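Visitor: Hello! Could you take me through one part of this model at close range, and then show me what surrounds it?

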Amino acid sequence: MSKRHWSIFLVFLLSLALVAAGCGSSQQTAQPANVIKIGANFEMTGSNATFGQSAANGAKLAIKEVNAKGGVLGKQLTLVVADNKSEAAEAANAMQKLVTQDKVVAVLAPIASSSVIAAAQVNQDNKVLAISPTASNPKVTVDPATGKVREFLFRAAFIDPFQGAVMANFATKSLKAKTAALYIDNSSDYAKGLGQYFKETFVKNGGTIVAEEAYLQKDTDFKATLTKIKAKNPDVVFVPGYYQEVGMIIKQARELGINVPFLGGDGWDSAKLPEIAGAAALNNTFFSNHYSPDDTSSAVKTFVENYKKEYGQVPDAFAALSYDATMMVIKAIERAGSADPVKIKDELAKTKDFPAVSGSITLNATHDPVKSAVIIELKDGKQTFREKVNP
């Protein structure tokens, strides 16, 4: 073959390659054109893994139900899950991946407040909303450095000032407690916030804080500090941490003979808690939560039935709130009539009287929901509905 013919042949091969690449590219983009991707930046592994796994299940159920009815805007929804490993730094990395590589139109933000805050700038810089199913620290939606609302951050959970006040009121009014000890996870914005608001309301109600102690996430031996708390003889002990450490704290407290009520927040809500603490140790313990599967409302009954059918277990609050957050985003997409992230954000901010599993949700000016809370009592390791508290 002459050089001229060889050159023509090479050009022909190159042309074929370009055509093939072009066809491949069109095939790759054809499927995403019929799909709307929602991201989930969850704690799938690490110390808060049961939270993230429940949340992922709740989100998947919501998307499955909507897709079965034809999807949104004539398109099917898909959930892209990124594991933040229960670490704040990893949460920022996961958020970056979801919004820049996966090109999701909205993100279900992490469970833990610290992780949501760590990733907040990513959402703002890329103008993609994030809604946390459960993060309850006020700093999630309002930047403490500026006092301004974080434009692209939302939540489906009530905030710590309300949750802390609920438990303080329960302690003083229902349990008639006069004194309390605080045992706080000092590595958690969530725990520190809850402790602060519990203390403020407890003291306002005429109670006295007789001890304030701290631990760090991943600690395992709490007996020295618990011995100090026991010496103060409090009527109740408030431990607003996450289930892993809370379970060990209560187990060790009971072994030391501390039999007073232990109180906590929604971070207790895990099927692992009775396994860690022991069912008997959890008697006379109470925590605030966003919903109870024992609630008799039609929305809760339907959700619990569908979730049990899908996963073979009773949904916890993390599953319920993630289901709610996902549905809130989907309804915002419908109202926007578009998959444009900024338009979705604008519509989400207008959420009013949304009939969620965890109660009617109206987002206020700081992107926080106004909604009720429930008190859960643990009896022989099983959660039982104690009472509902309205805002």
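Guide: Happily, and let's start with a strand pair. In this predicted model, β11 (354-356) and β12 (residues 359-363) pair in the antiparallel sense over three bridges. Within that pairing, Pro-355 stands opposite Ser-360 in β12.

The pair belongs to an open sheet of three strands, in the order β11-β12-β13, with antiparallel pairing. Because β11 and β13 (369-370) each have a single partner strand, they stand at the edges, and one side of each is left without a neighbour in the sheet.

Now add the helix. α11 (317-336) lies across β11 and β12, and its direction makes an angle of about 150° with that of β11.

Both α11 and β11 bring us to a pocket. Together with α2, each of them supplies at least two residues of the lining of the second largest pocket. α11 gives the most to this lining, with six residues. The volume here is about 280 Å³. Of the 14 lining residues, Val-66, Lys-69, Tyr-323, Met-327 and Lys-331 lie nearest the centre of the pocket. If you sort the lining by class, you find eight nonpolar, one polar and five charged residues.

From here, α2 (49-68) leads on to the largest pocket, where α2 is again among the elements that supply at least two lining residues each. The others are α9 (272-277), β14 (373-379) and β15 (382-389). This pocket has a volume of about 550 Å³. Its lining has 29 residues, and those nearest the centre are Ser-270, Ala-271, Val-314, Asp-316 and Gln-383. By class, 13 of the lining residues are nonpolar, 11 are polar and five are charged.

To place that pocket in the chain, it helps to bring in the domains. The domain assignment gives domain 1 (35-158 + 295-371) and domain 2 (161-289). Both domains give residues to the lining of the largest pocket, so the pocket lies between them. The centres of the two domains, taken over C-alpha atoms, are separated by 28 Å. As for where they meet, 20 residues of domain 1 are in contact with 20 residues of domain 2.

So, to retrace the path on your screen: begin at Pro-355 opposite Ser-360, move to α11 lying across β11 and β12, step into the second largest pocket, lined in part by α11 and α2, and follow α2 to the lining of the largest pocket, which lies between domain 1 and domain 2.

Note on methods:
Residues numbered from 1 in each chain as written. Predicted model: local features only at pLDDT ≥ 70, side-chain atom pairs only at ≥ 80, totals over all residues. Heavy atoms only, no water. 1 Å grid on protein atoms, 1.4 Å probe; cavity = no way out; pocket = protein on both sides within 12 Å on 5 of 7 lines; lining within 4 Å. Points joined across faces, edges and corners; volume = space filled by probe spheres on them. Helix = DSSP H or I, 4+ residues; strand = E, 2+ residues; numbered from the N terminus. Nonpolar A, V, L, I, M, F, W, Y, C, P; charged D, E, K, R; others polar. Domains from an automatic or database assignment. Pairing = 2+ DSSP bridges. Contact = heavy atoms within 4.5 Å. Axes fitted to C-alpha atoms, helices over the stretch in contact; angles between N-to-C directions.
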